[in-house]
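Dear colleague,

I am handing over a structure for you to look through at your own pace. Please open it first, and then read the notes underneath.

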Amino acid sequence: MSAFQGGAVTYRNERETSVMKTRLLLAVTAMAFATCAMASSPTTLQIQRGGTTVPTTTGLGGAPLTSMELDPAMTSGDADSGDGNDLGPPPVVNRSISHGHAGSNSMGNGKRAKSSPELLGGFDGLNFHDQRFANGGNQFSVEPPDQGLCSGNGFVMESVNDVLAIYDSAGNKLAGPIDLNSFYGYPAAINRSTGADGPELTDPSCYYDAGTQRWFQVVLTLDRVGTTSFLAGTNHLDIAVSQTSNPTGAWNIYRLPVQNNGTQGTPNHGCAGGYCLGDYPHIGADANAIFLTTNEFSVFGGGFYGAQIYAISKQALASGATANVVEFNGGDPSIPAPAFTVIPAISSGGQFAGGHGGTEFLLSSDAVFYDSGTSNTVWLWSVSNTQAIDTMPGALALNVQPLTVQQYAVPSSLAHQKPGNTPLRDCFATPACAAILGDPSIVYPAPRDLAVNDSRMEQVSYANGKLWGTLDTDVLLSDGSHGSGINYFVINPNSGVIFANGTLALPDANLTYGAAAVTQSGRGVIAFTVVGPNDYPSAGYASLDAKVGAGDVHIAKAGAGPWDGFTGIPFLGGGRPRWGDYGAASADGNTIWLASEYIAQTCTLAQYMTPPFGQCGGTRGALGNWATRISTLQL
């Protein structure tokens, strides 16, 4: 049983509110497509600029292995569980709400492309070594990375847990790796000299807004009790906004409290233990506002309390002024939808929905609320009258309606991997090496399985007057086992007409953590990880069209070896193997940039044990080997 050090046990298993939300869902699924205005009033508050920052590269260094590799408050790796596969003991912070996993009758029948003429190139982005040894090694070992990618004005910015980097359009690194604690003006994640802990930062996401020519970056920050590892309960979304169109220059910092217990201007949602948590933040925008959404759980107790939708004045943020914030509570009983992972749309090139005084569209799914793990409904949300954000913020209105789609399902199995070198696994199987890690010797199957996503909505785009979204779904593989594919949607948000809806899947491999980016003319690409018995975790993509749906599966960069990380090892990573929480893709004119998690290296146990221990020549860390691939396509 996991617990904070000397503190309260924190479990987030099946949510008490799920039954209520399921009943609400059954009551509305028969509704015809119509706008359903919410009766509840939003909460309004203001946030002020809290400081400035400049992206400054922090040197790599530090001891290869320490006695405090993992954050004690976040022993599952990243602060978010994300994955629907709770196959091991619950970690300290576990925020999956999947009731059941579904068997699918759908067979993967996609094809692998023989060539990739639209692929201009790519380069390796941030990796586990960058994360662990940034800021002189004053970082914890963290997996998975979670992708935050944005592009524009000749730059590409990548953010992961817990570092960022900035590149030019040729792939030259201009800044980075920069640990997120330093970027946001906090003490180091852990001071290796004193043992003091800084705030816990997680779940980065970013967006370049062509209209204001500003870069926006957001993370969830959990405060500590002093410099101890104990969580204080207070938490906030930290929003960084560039002062110019150049992301290598100065940025302004805003902090939006999301503990929602009646303090700091927040409403009181009555979360168990006195503090709510603004988990899994994602970013979107319309012409007038930046939108941030979270999944609200309790920090110190069980319970899911509904997704939160925050609209923030875009012009105020862009100019460094005090900004109005409007918060819609997805857990309000008047909302006839199960609000979970409500993803706001990102618009490329300043293309926004102008109707109803300015409108932002959002999408969510609901299969996780059913014991069957299946659903044929997605939910279309909208926030209208956004032009009032600066003058009458309380006049913004939230609406939601169900759409009937092809059945999708929470994936029911972990992903098998192609066998290869797994030195961390081999180290645990070798008593002398396991002793260096400070853990008991144990033999694991080779290679270990990794987790795919649950069926939550992933990245959403608004382009060419349509909404484009993706989610993971259960599929059957050719050997009769269950795997993961990607369900995609292309929707007219004004009429509810669905232009394209299908499942992209391969018969012999999993496709997971899909993220779709779309040009203004309506040319789309889905980025994802490809992994299976014949594939090391690889960076993949497929085209997405409103008429013909998804195209063949392309491999942008094949993986070099198996995933070999610490999560899924009970006495290290909470018993749950981790791969990701979300991918990312970004459109810049007719160019689309993709960020995919994959494995860029391979090494033997002998190479792993060669000093510096566990680094295999600077390609990984002792406890992990994830990497990212940034690819560029011309459409």
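The notes below go from the whole chain to one sheet, then to the cores and a single residue.

Please keep in mind that this is a predicted model, in which local features need pLDDT of at least 70 and side-chain atom pairs count only at pLDDT 80 or more, while totals for chains, interfaces and linings use all residues. Residues are numbered from 1 along each chain as its sequence is written, and side-chain values use heavy atoms, with hydrogens and water left out.

The chain has eight helices and 31 strands, where helices (H or I, at least four residues) and strands (E, at least two) are DSSP runs numbered from the N terminus. Of its 635 residues, 64% count as buried, a word that stands for under 20% relative accessible area, with exposed over 50% and partly exposed in between (1.4 Å probe, protein chains only). Among contacts (heavy atoms within 4.5 Å) between residues at least 6 apart in sequence, 67% join residues at least 24 apart.

One open sheet is made of four strands in the order S3-S31-S30-S29, with antiparallel pairing; two strands pair if DSSP finds at least two bridges between them. Strand S3 (119-127) and strand S29 (584-588) each have a single partner strand and stand at the edges, so one side of each is left without a neighbour in the sheet. Further in, eight bridges join strand S30 (residues 591-598) to strand S31 (residues 627-634), and Thr-591 stands opposite Gln-634 in S31.

The largest nonpolar core has 31 residues, and Leu-437, Tyr-608 and Leu-623 have the most contacts inside it; such a core is a set of buried Ala, Val, Leu, Ile, Met, Phe, Trp, Tyr and Cys residues joined through side-chain atoms within 4.5 Å. Elements that each supply at least two residues of this core include S3, S30 and helix H6 (431-437). A second, separate core of 28 residues includes Leu-256, Val-258, Leu-277 and Ala-285.

Is Asp-564, in the loop between strand S28 (554-557) and helix H7 (570-573), buried or exposed? Asp-564 counts as buried, because its relative accessibility is 1%. Its side chain reaches the backbone nitrogen of Arg-425 at 3.2 Å. Leaving aside neighbours within four places in sequence, the residues in contact with Asp-564 include Arg-448, Arg-620 and Leu-623.

With best wishes

How values were computed:
Polar contact = N/O pair within 3.5 Å; in protein donor to acceptor, adjacent residues only side chain to side chain.
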